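Reader: I'd like to practise reading a fold with you, feature by feature. Could you take me through this one?

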Amino acid sequence: MSAVEDLAAWLTQIWDEEEQRELAKRTWRSDAPPMDVTYDGRSEGVYVSNPGSSIEHWMSAEDYDRSYLTPAPDKQVLARIAADRKILALHSGEQDWPCQVGNYVEEPCETRLLLASRYQDRPGFRPEWLVERQGVEE
Ligand SMILES: [Zn+2]
C-alpha cells in the first residue's frame, strides 16, 4: 500500500466509526408517553415507570428502543463526514487532479494532510502526516 492509500484507509476507518456512532444515536420518540427510565446496571435492559410511580416494568434494550426511541443522528455530523469523504476522493488514488492535475503522486497532498490533522492524537497517525512538516502555515 502506498503512503497515499494508507492515509485514505486510515481516514475512511475513522469516518466509518464516526458515522456508525452517529447513526446509533437515539432520542425519545415524539409520540411516546413520558416515562421514568432507569438502566438496570447490566446494560441488558431498563426499568421504566410512569413519572413519579414506584411501579417499575423491566424491558429489554430492544423493546425499549422499539417502544420509546427513534434515530437521532446529528445531520451536520453526517454531512461533514460525507463532504470529507468527497474531498478525500477528489485527492485520491494515484492521481490527484485538484493538486497535481492528474499526475501520479507518491505522497499525500496538503489537502489530505489537513483532513487528517484533526485526528492526529489518534492511534495510527504517522509523524510524516503532520502538516507543519510540509511547510503549511497554521
Ligand atoms: Zn490533493
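Author: Happy to. Start at a strand pairing: G45 sits opposite S60 in β4. Keep in mind that this is a predicted model.

Reader: In what sense do β3 and β4 pair, and over how many bridges?

Author: The general idea first: strands in a sheet pair through backbone hydrogen bonds, in either a parallel or an antiparallel way. Here β3 and β4 are antiparallel, with four bridges between them. On the β2 side, strand β2 (residues 36-39) also runs antiparallel to β3, again joined by four bridges, and D36 is the residue facing S49 in β3.

Reader: What is the strand order in the sheet?

Author: It's an open sheet of three strands, ordered β2-β3-β4, with antiparallel pairing. β2 and β4 are the edge strands; each has a single partner, so one side of each lacks a neighbour in the sheet. From one strand to the next, the twist averages 30°. Helix α2 (residues 61-68) packs on this sheet, where it touches β3 and β4, and its direction is at about 95° to that of β4.

Reader: Which side chains of β3 are buried, and which are not?

Author: Look for alternation along the strand. V46 and V48 point to one face and are buried, while G45, Y47 and S49 point to the other and aren't.

Reader: Where is S54, and is it buried or exposed?

Author: S54 lies in the loop that links β3 (45-49) to β4 (57-60). To judge burial, count C-beta neighbours inside 10 Å: S54 has 7, so it counts as exposed, the cut-off being 12 or fewer. Its C-alpha atom is 9.8 Å from that of D36, 18 residues away along the chain.

Reader: Now a helix. Which residues of α5 are buried, and why do they share a side?

Author: The general idea is that an α-helix has 3.6 residues a turn, so residues three or four places apart point the same way. In α5 (residues 110-117), the buried ones are R112, L113, L115 and A116. They span an arc of only 155° around the axis, which puts them on the same side of α5. Those buried residues pack against α1 (3-23) and α3 (75-90).

Reader: And zooming out, what pattern does the whole chain follow?

Author: Along the sequence it reads α-β-β-β-β-α-β-α-α-α, with five helices and five strands. Of the 138 residues, 11% are buried. Among contacts between residues at least 6 apart in sequence, 47% join residues at least 24 apart.

Notes: Residues numbered from 1 in each chain as written. Predicted model: local features only at pLDDT ≥ 70, side-chain atom pairs only at ≥ 80, totals over all residues. Helix = DSSP H or I, 4+ residues; strand = E, 2+ residues; numbered from the N terminus. Buried ≥ 20, exposed ≤ 12 C-beta atoms within 10 Å, placed from the backbone. Contact = placed C-beta atoms within 7 Å. Arc of directions from axis to C-beta. Pairing = 2+ DSSP bridges. Axes fitted to C-alpha atoms, helices over the stretch in contact; angles between N-to-C directions.
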